Amino acid sequence: MSHNHGDTIPLHPSSAQSDMDEIESLIHAAPSPATVLPARPPSPTRASIPVSSSPAPSPVPTKPPFPAASIPISVSVSPVPVPASVSVPIGADGFGSPPNTLTEPVWDTIKRDLARIVSNLKLVVFPNPYREDPGKALRDWDLWGPFFFIVFLGLTLSWSASVKKSEVFAVAFAVLAAGAIILTLNVLLLGGHIIFFQSLSLLGYCLFPLDVGALVCMLKDNVILKIVVVTITLAWSSWAAYPFMSAAVNPRRKALALYPVFLMYISVGFLIIAID
Amino acid sequence: MSTQQEVTENYANPKTCFFHVLFKASALAFYILSTLFVNNFVIIFVITVLLAALDFWVVKNVSGRILVGLRWWNEINDEGESVWKFECLDGESLARMNKKDSWLFWWTLYLAAAAWIILGIFSLIRLQADYLLVVGVCLSLSIANIIGFTKCNKDAKKNIQDWTRSALLSGSVRSHLQSAFGV
């Protein structure tokens, strides 16, 4: 009885092995050496037949399962290379499947970019733990925030202006864009260690307080209120830009690097106050 | 056979190709038509530059990786240095990229930049400094994408060569196993 159970259990894997044997025979059928391979398996089959014939007289109904058992024995020898060939494409699939940004949905890309803009804004304009090491703060720099702030400031100023809206917008945009570039080149020429686009990104984010100030001044047409608001936002922008610029250059040349930054922000402040 | 091949060979991602061209064409068309018929510089500037920025983002983050399997960006490492990052699909996937998609991608990149250069020359001839500002911004975005993808393409070609070698090695390994089994 136990022998019968042992015989019946391998029958299930034997069917799978026979399927694999068929696949292998199909694979080998294409190359000519495949015809030589089946010639060798018959010899162990003949060896197995006498083994099955010796217990043949006692269990007459067991004769059919014994030849079936002998066939998987010979099959088990031949499918040895099949797992090797099967594992290779599995590894190839594993190599191709690791996810990266190339295969992510578009929405994930949008969310990541927006999160980065918000994160950079917080790091620059509000107190952050990297204030003593500004280079780490904007490691993941981008120019979308600065671009938006410059356009927003230009739009606000041009809306406030009663005449010459085009000139006001063009001057504001040119002053801010070219100003950021010139300030960065100034630091580089002073021998400072600064990365061009990171600096542009920082100076652009520092415009956020001035944007808020310009918006308030557009809504309120009071000169004294304008002066107060612009002074506060100007100080805030300067405070935000100070650690980055000062850390980038030699301490003895700090004033040379910082003065143009304050000058640009002051000129923007005057633009905000003067335009009515 | 050739006729059937021509019919079956089509754009693999028509929707992405459409958006890839749409934003470029809309920025150029809006700028040209507005300068001819509208006199409000602020509106022309804002809408044209926003369309150009949107085109830049779509090409860099969406159509670049779908049409040619490339993506690039710039980041700063721990030592405070600026590092270019390139990402491309593995060699097998790159080999299966659609040729028409790739052709459309590169040609539209170059044609858009050429168009902005021509428009810039016109603004220069007519001494319009404000419109030159618009062209300068749009041209900067186009050239940035061209430089980024050109570098990324060189990096990808190197990867393709590496993949080809590994494919040959795996093929030789398989044939070696078969010969050993035959013996």
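Phe56(B) and Trp72(B) are both buried, where buried means under 20% relative accessible area, exposed means over 50% and partly exposed covers what lies in between, using a 1.4 Å probe and the protein chains only. This is a predicted model, so local features need pLDDT of at least 70 and side-chain atom pairs count only at pLDDT 80 or more, while totals for chains, interfaces and linings use all residues. Residues are numbered from 1 along each chain as its sequence is written, chains are lettered from A and ligands numbered from 1 in the order in which they are written, and side-chain values use heavy atoms, with hydrogens and water left out.

**The aromatic corner**

Over all chains, the structure has 21 aromatic pairs. Rings of Phe, Tyr and Trp (the six-membered ring for Trp) count as a pair if their centres lie within 6.5 Å; planes under 30 degrees apart are stacked, over 60 edge-to-face, and the rest tilted. Phe56(B) and Trp72(B) make an edge-to-face pair, with 6.5 Å centre to centre and 80 degrees between the planes. Phe56(B) sits in helix H3 (residues 41-67) of chain B and Trp72(B) in strand E1 (residues 70-76) of chain B, so the pair ties together parts 16 residues apart in sequence. Helices (H or I, at least four residues) and strands (E, at least two) are DSSP runs, numbered from the N terminus.

There's company, too: Phe56(B) and Trp72(B) belong to one aromatic cluster with Trp144(A), Phe105(B), Trp106(B), Tyr110(B) and Phe149(B). Lys60(B) lies over the face of Trp72(B), 5.2 Å from the ring centre; to count, NZ of Lys or CZ of Arg must be within 6 Å of the ring centre and within 35 degrees of the ring normal.

**Chain B as a whole**

Chain B has six helices and two strands, and they run α-α-α-β-β-α-α-α along the sequence. Of its 183 residues, 39% are buried. Contact here means heavy atoms within 4.5 Å. Among the contacts in chain B with a separation of 6 or more, 69% join residues 24 or more positions apart.

**Empty space**

Pockets and cavities are found on a 1 Å grid over the protein atoms alone: a cavity is a set of points where a 1.4 Å probe fits but cannot get out, a pocket is an open set with protein on both sides within 12 Å along at least five of seven lines, and lining residues have an atom within 4 Å of a point. Grid points are joined across faces, edges and corners, and a volume is the space filled by probe spheres set on the points.

The largest pocket holds about 1400 Å³ of space. It has 45 lining residues, and Trp141(A), Leu143(A), Phe197(A), Phe56(B) and Leu141(B) are the closest to its centre. Both chains supply elements with two or more lining residues, among them helix H10 (196-205) of chain A and helix H6 (129-182) of chain B. H6(B) gives the largest share, 10 residues. As for H10(A), eight of its 10 residues are buried, including Leu200(A) and Tyr205(A).

The whole structure has four cavities of 30 Å³ or more. The second largest cavity has a volume of about 80 Å³, and H2(B) gives the largest share of its lining, four residues. Among its lining residues are Ala52(B), Asp55(B) and Leu141(B).

Here's how the two linings split by class, with Ala, Val, Leu, Ile, Met, Phe, Trp, Tyr, Cys and Pro as nonpolar, Asp, Glu, Lys and Arg as charged, and the others, Gly among them, as polar.

| Space | Nonpolar | Polar | Charged |
|---|---|---|---|
| Largest pocket | 30 residues | seven residues | eight residues |
| Second largest cavity | eight residues | one residue | two residues |

**Three buried residues**

Asp55(B) is in helix H3 of chain B and is buried, at 10% relative accessible area. Not counting residues up to four places away in sequence, Asp55(B) touches His20(B), Phe23(B) and Lys24(B).

Thr109(A), in helix H6 of chain A, counts as buried at 0% relative accessibility. Leaving aside neighbours within four places, Thr109(A) contacts Glu104(A), Trp57(B), Asn61(B), Arg65(B) and Arg71(B).

Val137(B) lies in helix H6 of chain B and is buried at 16% relative accessible area. Val137(B) and Ala52(B) are 85 residues apart in sequence, with 8.4 Å from C-alpha to C-alpha. With neighbours within four places left out, Val137(B) is in contact with Phe173(A) and Val49(B).
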